[in-house]
Amino acid sequence: MGLFKCQVSVFGTTNNLVKKVGSFYRAFGEVIFVQGTITDSFNLPIVGAIVEVWQTNSAGKYHSLLDSNSQYIDKYFSMSGRTITDNLGNYSFITILPVAVPGRAPHINMNVYHPKFGKLETEMYFEKHPYNETDYQYLAYSEEERALLTAKVRHSDFANTQSIKVCTFNIVMRGTHLYKRY
């Protein structure tokens with residue numbers, strides 16, 4: 001996928017962006033669960049990949065671009081986080097649904113690092129979000145690329161549309177697994 005300029009110099013060290021460690025309060029906005037699997041070109045899981053995310057808050061602002069006294073900073077929101085894939089290549093984050101910035105659809109920026117597979121910088125968009133149809137960056141990709149950049153969205157309780165949204169975003173890194181011999 002394309003390369004995106006990183007707007008965060010220091011990433012949070014947790015996969016929970018909604019509630020800072022030790023805080024009684026949680027971030028403003030709609031809580032979502034982001035999950036996925038990172039695999040190689042043969043669909044084998046990549047263990048130990050570092051996944052970093054950063055996004056806008058419930059006001060549609062990146063904290064790192066604001067004055068430290070800005071009224072748009074959500075002091076309960078981490079804005080960025082990090083996790084490591086498990087032995088099956090799985091990763092997950094608890095965050096809020098990012099609010100769109102002008103001209104863009106809501107999205108989560110991601111970096112994925114692994115010593116054998118290099119670095120991937122990408123964005124994750126949300127399935128069936130109406131702003132996808134007008135986002136200049138999203139529309140610059142081919143239909144096939146947009147499908148790869150779009151997370152599947154479902155509710156944690158399929159019978160309750162008010163339940164937490166689960167967004168599944170699987171990533172395939174270029175290359176083959178170290179143990180693949182054929």
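In this predicted model, K19 is partly exposed, its relative accessible area being 37%. The residue belongs to the segment that precedes β1. Although 58 residues separate K19 from F77 along the sequence, their C-alpha atoms are 6.4 Å apart in space.

From this segment it is a short step to the interior. Nonpolar side chains tend to be buried together in soluble globular proteins. Here, the largest nonpolar core comprises 32 residues, and I38, Y91, M110, M124 and I171 have the most contacts inside it. At least two residues of this core come from each of β1 (31–39), β2 (50–54), β4 (90–96), β5 (107–114) and β6 (118–126). The most generous contributor is β1, which provides 4 residues.

The packing can also be examined for enclosed space. Searching the whole structure reveals 1 cavity of 30 Å³ or more, and the space in the largest cavity amounts to about 30 Å³. Its lining is formed by T56, Y62, P98, V99, A100, V101, A105, P106 and H107. Sorted by class, this lining contains 7 nonpolar and 2 polar residues, with no charged ones.

Aromatic side chains offer another view of the model. A pair of aromatic rings is described by the distance of the centres and the angle of the planes. Across the whole structure, 5 aromatic pairs are found, and F24, Y25, F28 and Y76 are joined by ring pairs into a cluster. Charged groups meet aromatic rings as well. K61 places its charged end over the ring of Y72, at 5.0 Å from the ring centre. R146, in turn, lies over the face of Y138, and here the distance to the ring centre is 5.9 Å.

Finally, the backbone deserves a look. Most residues other than glycine have a negative phi. Against this background, N43 has a positive phi, near 70°. N43 is found in the loop that connects β1 with β2, and counts as exposed because its relative accessibility of 58% is over the 50% cut-off. K128 also carries a positive phi, in this case near 65°. The loop between β6 and α1 (136–139) holds K128, whose relative accessible area of 77% likewise makes this lysine exposed. Both N43 and K128 are thus exposed loop residues, while K19, where this account began, is partly exposed.

Definitions and conventions. Residues numbered from 1 in each chain as written. Predicted model: local features only at pLDDT ≥ 70, side-chain atom pairs only at ≥ 80, totals over all residues. Heavy atoms only, no water. 1 Å grid on protein atoms, 1.4 Å probe; cavity = no way out; pocket = protein on both sides within 12 Å on 5 of 7 lines; lining within 4 Å. Points joined across faces, edges and corners; volume = space filled by probe spheres on them. Nonpolar A, V, L, I, M, F, W, Y, C, P; charged D, E, K, R; others polar. Phe/Tyr/Trp six-rings, centres within 6.5 Å; stacked < 30°, edge-to-face > 60°. Lys NZ or Arg CZ within 6 Å of the ring centre and 35° of its normal. Core = buried A, V, L, I, M, F, W, Y, C linked by side-chain atoms within 4.5 Å. Buried < 20%, exposed > 50% of the residue type's maximum accessible area, 1.4 Å probe, protein only.
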